[in-house]
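Reader: I should like to learn how to read a helix and a sheet from a structure. Might we work through a case together?

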Amino acid sequence: MYLIQIKDLSFSYASKKDALKHINLNIEKGTFTCIVGENGSGKSTLLKCILGLNKGYTGEIIKETHIGYLPQKSDIQTNFPATIEEVVLSGTISNNVRSVFYKKEDKEKAKDVMQKLGIYDIRKKCFANISGGQQQRVLIARALCATKDIIILDEPTNGLDPSISKQIYELLDKLKKEDKITIFMVSHDVERALNYADTVVELLNGEIVFNGKPQDFKLGGAN
């Protein structure tokens, strides 16, 4: 089953023509897909088209489920005065379009997700006062509260120490294997992407130049 189908997608910014050119890509349920490529190759642009943040594209994007999203760290305010629990719970807001209050099931889901990600015992701490790796765990938990199927992540390990980056990849791999969560992420860390992803997609100048298994990318990809 495909959770996302992208058909002949093209997109241009006012300042950059052909930021994406004729992208065709299917995201299968229960898989781990990494998007790699040089800066400016179109990786984040592709994610924003999928999320509906970029308007005016041509082609078609078919989404079969709600999506949880973790943006780039540079796009996240990391010093706001909210507790970990409050940040995670805010991920359920998209599910409560008719209410400004959290439901019992939302609180239960947030609790379950925090326990799974190892942050429940620190849930009352201020988000601004925890480490970068812990902040990413909190934001992954928030994304999981918005969906039961797929999370999209834009450079989730950017700026983290290698050991913490490894922990984040292992966490995502565990979510895929144990909870059947589909992982779709942009990564600058090609070597680690090859170790964990089921599928690697390389973008170059707005076009897909590789879409296949990590072992084939190692042998014949353009990294």
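**Helix α3 and the sheet**

Author: Let us begin with the helix, bearing in mind that this is a predicted model. In α3, the buried residues are Asp106, Ala110, Val113 and Met114.

Reader: Why do the buried residues of α3 line one face of the helix?

Author: Viewed down the axis of α3, they fall within an arc of 100°, so they line one face. The face turned away from that buried side carries Lys104 and Glu105, which are exposed.

Reader: What covers the buried residues of α3?

Author: The cover includes α2 (84–89) and α4 (132–144).

Reader: How many ångströms should α3 span, and how far apart are its end C-alpha atoms?

Author: At 1.5 Å a residue, the 13 residues of α3 (residues 104–116) should span 18 Å, and the end C-alpha atoms are 18 Å apart, which agrees. Glycine 118 follows α3, with a positive phi near 75°.

Reader: Turning to the sheet, how do strands pair?

Author: Strands of a sheet pair through backbone hydrogen bonds, in either a parallel or an antiparallel manner. Here three strands make an open sheet, ordered β2-β1-β4, with antiparallel pairing. At the edges lie β2 (20–28) and β4 (58–63), each pairing on one side only. From one strand to the next, the twist averages 5°.

Reader: How many bridges join β1 to β2?

Author: Six bridges join β1 (residues 2–11) to β2, and the two run antiparallel. Phenylalanine 11 stands opposite leucine 20 in β2.

Reader: Which helix packs on the sheet?

Author: Helix α1 (residues 43–50) does, touching β1, β2 and β4. The direction of α1 makes about 115° with that of β1.

Terms used
Residues numbered from 1 in each chain as written. Predicted model: local features only at pLDDT ≥ 70, side-chain atom pairs only at ≥ 80, totals over all residues. Heavy atoms only, no water. Helix = DSSP H or I, 4+ residues; strand = E, 2+ residues; numbered from the N terminus. Expected span 1.5 Å × (residues − 1). Buried < 20%, exposed > 50% of the residue type's maximum accessible area, 1.4 Å probe, protein only. Arc of directions from axis to C-beta. Contact = heavy atoms within 4.5 Å. Pairing = 2+ DSSP bridges. Axes fitted to C-alpha atoms, helices over the stretch in contact; angles between N-to-C directions.
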